[in-house]
Amino acid sequence: MKALVTGATGFVGSHLVDALLRRGDDVTALVRSPGKAAGLAAQGVRLVSGDLDASDALADASRGQDLIYHVAGAVAARSEAAYMRANRDGTANLVAAAAAGGHPRLVLVSSGAAGGPSRRGVPARAGDPPSPVTMYGRSKLAAEDAVRAGSLPWVILRPPTVYGPRDRDNLIKVFRLVRSGTAPVFGDGSMELSAVYAPDLADALVAAGESDAALGHTYYVNHPETLTAAGMVRAVAATMGRSVRLIGIPEWAGRGLLRITGGAATLIGPTNQLKTSKSEKLIHESRNNTHSPRT
């Protein structure tokens, strides 16, 4: 099987490449920095230098592929327009290039944020009307729409929080807080969460790419256990053999804090996720999902 992976040097993409290589697949990676991808080349992955705005690179990378796994995307940006350029427009560019050179199956790694949060005790289902509350979530939903509007056969997966080896941005922050001995949680920490282990997500992506029955469906992909924000922190503390003190942040204070940090990040940093809309995601009562398909 010939497979193209975008975002292959990232957290999820690297685990997906590992899973594909174990199967003996012929893997191509679209990479912005060939130097950063030297480890992939050493494993026999064909590298195509370029990004989601480079039409020639997209055409080269997608030509002759049986499967395309679109993992790349922006998780932090200065504005909603920047998110849309990366996630919606980049996805549309890839779909157009792949369709012009063949008819590969496309597996899109979206996000639970595209569906939006759910009510406590009522897990989100893929058939629910989407209601994203963040700029990131709206851009990922727009990317899904670009895939659905294209001519390629597709499957869309919406992972929640991803954890595991090579994590540099997700739960690693919780580990750092636990190491300090103190961790903030919004409210009483009872917000419900879903999570998935990165190698398991990679296996799910491979399965989605192989399944004819999955075509034309959208799935939440996560472990069946429901966590809480406080429970997740305590689980990390237990894993590290440390004690941690949880500090509850009231909703009004959380919103105000995120407004302040979002504004500061806009001024001093190249990208940020701590915009006002981020507070809606962080303090909502549930981000728990089920895996039922949506057509």
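**Exercises on helix 1, the sheet and the cores**

Leu16 is found in helix 1; helices (H or I, at least four residues) and strands (E, at least two) are DSSP runs, numbered from the N terminus. The model is predicted, so local features need pLDDT of at least 70 and side-chain atom pairs pLDDT 80 or more, while totals for chains, interfaces and linings use all residues. Residues are numbered from 1 along each chain as its sequence is written, and side-chain values use heavy atoms, leaving out hydrogens and water.

**Exercise 1.** Describe the protein chain as a whole by its helices and strands, its buried share and its exposed area.

*Solution.*
- Step 1: The chain has 10 helices and 14 strands.
- Step 2: Of its 295 residues, 48% are buried, where buried means under 20% relative accessible area, exposed over 50% and partly exposed in between (1.4 Å probe, protein chains only).
- Step 3: About 13200 Å² is exposed, and carbon and sulfur atoms supply 55% of that area. Areas come from the Shrake-Rupley method with a 1.4 Å probe; for residues, only the protein chains shown count as cover.
- Step 4: Among contacts between residues at least 6 apart in sequence, 77% join residues at least 24 apart. Contact means heavy atoms within 4.5 Å.

**Exercise 2.** Compare the expected span of helix 1 with the distance between its end C-alpha atoms, then find which of its residues are buried.

*Solution.*
- Step 1: The expected span is 1.5 Å times one less than the number of residues.
- Step 2: Helix 1 covers residues 11–22, so its 12 residues should span 16 Å; the end C-alpha atoms lie 17 Å apart, which agrees.
- Step 3: Of the 12 residues, 10 are buried. They are Phe11, Val12, Gly13, Ser14, His15, Leu16, Val17, Asp18, Ala19 and Leu20.
- Step 4: The elements against which these buried residues pack include strand 1 (2–6), strand 2 (26–31), strand 4 (67–70) and helix 7 (198–210).
- Step 5: Just after the helix, Gly24 has a positive phi of about 90°.

**Exercise 3.** Give the strand order of the open sheet, and place helix 1 and helix 5 against strands.

*Solution.*
- Step 1: The sheet has 7 strands in the order 3-2-1-4-5-6-11, with parallel pairing; two strands pair if DSSP finds at least two bridges between them.
- Step 2: Strand 3 (46–49) and strand 11 (218–220) each have a single partner strand, so one side of each lacks a neighbour in the sheet.
- Step 3: On average, neighbouring strands are turned by 20° against each other, direction ignored.
- Step 4: Strand 1 and strand 4 are joined by 4 bridges, and Val5 has Tyr69 as its bridge partner. Another 4 bridges join strand 4 to strand 5, where the partner of Leu67 is Arg105.
- Step 5: Helix 1 lies across strand 1, strand 2 and strand 4, at about 170° to strand 1. Axes are lines fitted to C-alpha atoms, for helices over the stretch in contact, and angles run from 0 to 180 degrees between N-to-C directions.
- Step 6: Strand 6 (residues 154–158) and strand 11 pair over 3 bridges; Arg158 has Tyr220 as its bridge partner in strand 11. Helix 5 (residues 135–149) touches strand 5 (105–109), strand 6 and strand 11, and its direction makes about 165° with that of strand 6.

**Exercise 4.** Which residues have the most contacts inside the largest nonpolar core, and what does Tyr69 contact?

*Solution.*
- Step 1: A nonpolar core is a set of buried Ala, Val, Leu, Ile, Met, Phe, Trp, Tyr and Cys residues joined through side-chain atoms within 4.5 Å.
- Step 2: The largest core has 33 residues, and Val5, Leu16, Leu20, Tyr69 and Leu205 have the most contacts inside it. Elements giving it two or more residues include helix 1, strand 4 and helix 7.
- Step 3: A second, separate core has 18 residues, among them Ile68, Leu94, Leu152 and Ile156.
- Step 4: Leu16 counts as buried because its relative accessibility is 0%. Beyond four places in sequence, its contacts include Val5, Tyr69 and Leu205.
- Step 5: Tyr69 is in strand 4 and counts as buried because its relative accessibility is 1%. Among its contacts beyond four places in sequence are Val5, Leu16, Leu20 and Leu205.
- Step 6: The C-alpha atoms of Leu16 and Tyr69 are separated by 8.8 Å, at 53 residues along the chain; for Tyr69 and Leu205 the separation is 7.9 Å, at 136 residues in sequence.
- Step 7: Both faces of strand 4 are covered, with Leu67 and Tyr69 buried on one side and Ile68 and His70 on the other.
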